[in-house]
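Hi everyone, thanks for coming along. Please have a look at the model on the screen, and then I'll walk you through it.

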Amino acid sequence: MNKENLIEVVNLKKYFSVGKDKTLKAVDNVTLNIKKGETLGLVGESGCGKTTCGRTILGIYDATDGHVYFNGKDVHAMNRDEKLKFKKDAQIIFQDPYASLDPRMTIGEIIGEGMDVHLKISHKERQEKIDDLLEKVGLTREHGSRFPHELSGGQRQRIGIARALAVEPEFIVCDEPISALDVSIQAQIVNLLIKLQKELGLTYLFISHDLSMVKHISDRVGVMYLGSMVELASNHTLYEKPLHPYTQALISAIPIPDPSIEDGRNRLKLEGEVPSPINPPKGCRFRQRCIYAKEICSEITPELKEIDKDHFVACHLFQE
Ligand SMILES: Nc1ncnc2c1ncn2[C@@H]1O[C@H](COP(=O)(O)OP(=O)(O)OP(=O)(O)O)[C@@H](O)[C@H]1O
Ligand code: SF4
Ligand SMILES: [Mg+2]
């Protein structure tokens, strides 16, 4: 275990049993690490396993195989006390803040709920902390007595963030935290997450299919395709020198605001659909959509290999 790493994920698998003798391989052999204080972005098309990966890291789902270490401790082999502590230290922010907030509870009750379980504080300290958190996420203490339906989408996501912060976590999985929000609000929420990370020394796994937003917030980025990690690199390397054909296609699909550049651009088009994770193709899972596919690609699954310092790619074009 590298001391810098808060999270180490080793050959993680999460399979779901779907019907008779059918297994859906939602996460298949994912290895990654997240350093203390950094943001790892996780991107990929819908259904490629981002949420399942995040939830299995948090222990919300049992792992089918593999390991997740949090501060060196195996998340799926913790005793009761360790599990309780981990549930406090590792939080999640959901995509749809409305569905995840109990409509019958006031905002103050929602934020205070986790504190009652995990923090030993007096009633007065609790109230001060709720007021303080509301201000930290850009609301006022008056919001504490309101109900979720009285707030806008952006305000509700601020409550989702305050609720996660209430138990003083080290690590937060942000699962598409801005996808349900108006475009005009999205940057505000991402900038709030960046500000809080700096203030509190938080570590994030930031899941999104919005590659521009991931670029804005992440230090490193992992690209998932059909349950596997196909490329993992620093933010700069991934966006400036993507190597995996899937990453190249995703990045070339990001619109550029300047029309003079946009018009002359050579876009790599991503054709076809993501195949089913129930019967994933043999060999490279991307091969049916890959313009560079060669014979070996249908036979052997390429492994994620470090082909340059801190730049990992799973593709036969880079493995001799
Ligand atoms: N509880 C479950 N039972 C069975 N299959 C599941 C379950 N949860 C997810 N899946 C399947 O696992 C695969 C990965 O789903 P997941 O939600 O992790 O993808 P995702 O990358 O988060 O997609 P999105 O961008 O749409 O949120 C999908 O094929 C999905 O249908
Ligand atoms: S391994 Fe082959 S099919 Fe897969 S991305 Fe690389 S070239 Fe394409
Ligand atoms: Mg998801």
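**A hairpin, a ligand and some empty space**

Let's begin with a hairpin: strands β1 and β2 form it, with 5 residues between them. In that turn sits Gly-19, which has a positive phi of about 80 degrees. Before I go further, please keep in mind that this is a predicted model.

How do the two strands of the hairpin pair? β1, covering residues 5–17, runs antiparallel to β2, and the pairing extends over 10 bridges. If you'd like landmarks to click on, Val-9 has Leu-32 of β2 as its bridge partner, and Tyr-15 stands opposite Lys-25, again in β2. As a quick reminder, strands of a sheet pair through backbone hydrogen bonds, either parallel or antiparallel.

The hairpin belongs to an open sheet of 4 strands. Reading across, the order is β2-β1-β4-β5, and the pairing is antiparallel. The edges are β2 and β5, the latter being residues 73–74, and each of these pairs on one side only.

Now to the ligand. Which residues come nearest to ligand 1? There are 14 residues around ligand 1, and the nearest are Ser-46, Gly-47, Lys-50, Thr-51 and Thr-52. Two elements, β2 (23–35) and α1 (50–57), each supply at least two residues of this shell. The largest share comes from α1, with 3 residues. So β2, an edge strand of the open sheet, turns up again around the ligand.

Let me go through some polar atoms by distance. A polar side-chain atom of Thr-52 is 2.5 Å from an oxygen atom of ligand 1. For Lys-50, a polar side-chain atom lies 2.9 Å from a ligand oxygen. Gly-49 takes part through its backbone, where a polar atom is 3.1 Å from an oxygen of ligand 1. How much of the ligand does the protein bury? On its own, ligand 1 exposes 640 Å², and the protein buries 66% of that. By class, the shell is made up of 6 nonpolar, 5 polar and 3 charged residues.Next, the pockets. Rolling a probe the size of a water molecule over the atoms shows where empty space is left. The largest pocket has a volume of about 600 Å³. Its lining counts 21 residues, and those closest to the centre are Ile-60, Lys-87, Ala-90, Gln-91 and His-118. Which elements contribute to this lining? At least two residues each come from α2 (80–89), β6 (90–93) and α3 (107–118). The largest share belongs to α3, which gives 6 residues. Sorted by class, the lining has 11 nonpolar, 5 polar and 5 charged residues.

The second largest pocket holds about 370 Å³ of space. Here 19 residues form the lining, and Asp-28, Asn-29, Ser-228, Thr-301 and Pro-302 lie nearest the centre. Our hairpin strands come back at this point: β1, β2 and β10 (228–234) each supply at least two residues of the lining. Which strand gives the most? That is β2, with 4 residues. By class, this pocket is lined by 9 nonpolar, 6 polar and 4 charged residues.

Last stop, the cavities. How many of 30 Å³ or more does the structure hold? There are 2. The largest cavity contains about 80 Å³ of space. Among the residues lining it are Cys-284, Cys-290, Cys-297 and Cys-315, along with His-244 and His-316. The class count for this lining is 9 nonpolar, 2 polar and 1 charged.

The second largest cavity has a volume of about 30 Å³. Its lining residues include Ile-92, Ile-93, Phe-94, Gln-157 and Arg-163. Both β6 and α5 (153–165) supply at least two of the lining residues, and α5 has the largest share, with 3. By class, that lining has 4 nonpolar, 3 polar and 1 charged residues.

To pull one thread together: β2 pairs with β1 in the hairpin, supplies at least two residues of the shell around ligand 1 and gives the most to the lining of the second largest pocket. If you open the model later, β2 is the strand I'd follow across the screen. Thanks, everyone!

Notes. Residues are numbered from 1 along each chain as its sequence is written. Chains are lettered from A and ligands numbered from 1 in the order in which they are written. This is a predicted model: local features need pLDDT of at least 70, side-chain atom pairs count only at pLDDT 80 or more; totals for chains, interfaces and linings use all residues. Side-chain values use heavy atoms; hydrogens and water are left out. A residue is near a molecule or strand if one of its heavy atoms lies within 4 Å of it. A polar contact is a pair of N or O atoms within 3.5 Å; within protein, one must be able to donate a hydrogen and the other to accept it, and residues adjacent in sequence count only if both atoms are side-chain atoms. Accessible areas come from the Shrake-Rupley method with a 1.4 Å probe; for residues, only the protein chains shown count as cover. Ala, Val, Leu, Ile, Met, Phe, Trp, Tyr, Cys and Pro count as nonpolar, Asp, Glu, Lys and Arg as charged, and the others, Gly among them, as polar. Two strands pair if DSSP finds at least two bridges between them. On a 1 Å grid over the protein atoms alone, a cavity is a set of points where a 1.4 Å probe fits but cannot get out, and a pocket is an open set with protein on both sides within 12 Å along at least five of seven lines; lining residues have an atom within 4 Å of a point. Grid points are joined across faces, edges and corners, and a volume is the space filled by probe spheres set on the points.
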